[in-house]
Amino acid sequence: MRHLLIAAGAGLLLASGCASNETRSTDSGDAAATPTDTPTDTPAATVEVAADAPVIRVAHAVPYSADATIANNIRQECNLEEQFSEFIEHYGADQGIRFQRSQDLDPASGGQVLMVELTDAVSGGNAWIGHRKVTEAAGTLYADGEEQASFTSRRFSGGGAFGGFKGSCSVLGRTVQVMGRDIAAWSAAPEDGAHLGD
């Protein structure tokens, strides 16, 4: 009977150990997201923007620059392009700007147009040894086809609180979230040649 109780207890410990491990992302260098990534994947509801607020058009999905050497797993799995655009729109509302996300963006089409490109994204580290993520972007604001001001942007992230329980895509998502806030604030008072962030 005693042997049976010991065996049963060992089985319970093994089962509980497996369950606890399932909640932690192994994040073995790939950029796959886990269920714990969802808080930064989508911005919270955007605040109301006044009907007469300035309108700036931005790409529905911020593209990678033509010369960007970014790992395929980041490009294919992390969806940074759409997240970035969503965060620009979201934080633009905080600045009193209505960002309109457009599939077809052309500065020559008139009005204010913000052309942004992702120029770099590096997924260093992982959940076990610590995240070391960095994302960079560059952009130019146009008015009626005329260049008004340009910027560069960069943000690092180690994952923040509970970073060890976040996948690589989630932590990279944190970088474009903060960059979206930086760019929205810059758009309210554009300074040519500004470097935003880190």
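Me: Helices in this predicted model are DSSP runs of H or I, at least four residues, numbered from the N terminus. Where does that put Asn-79?

Reply: Asn-79 falls in the loop between helix H3 (72–77) and H4. H4 covers residues 80–94.

Me: And why is Asn-79 called partly exposed?

Reply: Its relative accessible area is 40%. Buried needs under 20% and exposed needs over 50%, so at 40% Asn-79 is partly exposed.

Me: What is the phi of Asn-79?

Reply: Near 55°, which is a positive value in a residue other than glycine. Most residues other than glycine have a negative phi.

Me: Which residue in the loop between strand S4 (130–143) and strand S5 (146–157) should I look at?

Reply: Try Asp-144. Its phi is near 50°, again positive in a residue that isn't glycine.

Me: Is Asp-144 buried or exposed, and how do you know?

Reply: Its relative accessibility is 60%. The cut-off for exposed is over 50%, so Asp-144 counts as exposed.

Me: What makes H4 a mostly covered helix?

Reply: Of its 15 residues, 12 are buried, meaning under 20% relative accessible area. Among them are Leu-80, Phe-84, Phe-87, Ile-88 and Tyr-91. Glu-81, Glu-86 and His-90 are buried as well.

Me: How do you know the span of H4 fits what is expected?

Reply: From first C-alpha to last, H4 reaches 21 Å, close to the 21 Å expected at 1.5 Å a residue. Just after the helix, Gly-96 takes a positive phi of about 75°.

Me: What makes Arg-75 and Tyr-64 a charge-over-ring pair?

Reply: The charged end of Arg-75 is 4.7 Å from the centre of the Tyr-64 ring and sits over that ring. The distance limit is 6 Å, so 4.7 Å passes.

Me: Now Asp-198. What does its side chain reach, and why call that a polar contact?

Reply: The side chain of Asp-198 reaches the backbone nitrogen of Phe-156 at 2.8 Å. The limit for such a pair is 3.5 Å, so this one qualifies. Asp-198 also touches Arg-154 and Arg-155. Asp-198 is found in the segment after strand S6 (194–197).

Me: Why is Asp-198 classed as partly exposed?

Reply: Its relative accessibility is 33%, between the 20% and 50% cut-offs, so it counts as partly exposed.

Me: Where is confidence lowest?

Reply: In helix H1 (residues 2–22), with a mean pLDDT of 34. Strand S1 (residues 55–59) is highest, at 96.

Technical notes:
Residues are numbered from 1 along each chain as its sequence is written. This is a predicted model: local features need pLDDT of at least 70, side-chain atom pairs count only at pLDDT 80 or more; totals for chains, interfaces and linings use all residues. Side-chain values use heavy atoms; hydrogens and water are left out. A charge sits over a ring if NZ of Lys or CZ of Arg is within 6 Å of the ring centre and within 35 degrees of the ring normal. Helices (H or I, at least four residues) and strands (E, at least two) are DSSP runs, numbered from the N terminus. Buried means under 20% relative accessible area, exposed over 50%, partly exposed in between (1.4 Å probe, protein chains only). Contact means heavy atoms within 4.5 Å. A polar contact is a pair of N or O atoms within 3.5 Å; within protein, one must be able to donate a hydrogen and the other to accept it, and residues adjacent in sequence count only if both atoms are side-chain atoms. pLDDT is the predictor's confidence in each residue, from 0 to 100. The expected span of a helix is 1.5 Å times one less than its number of residues. Lists of a residue's contacts leave out its neighbours within four places in sequence.
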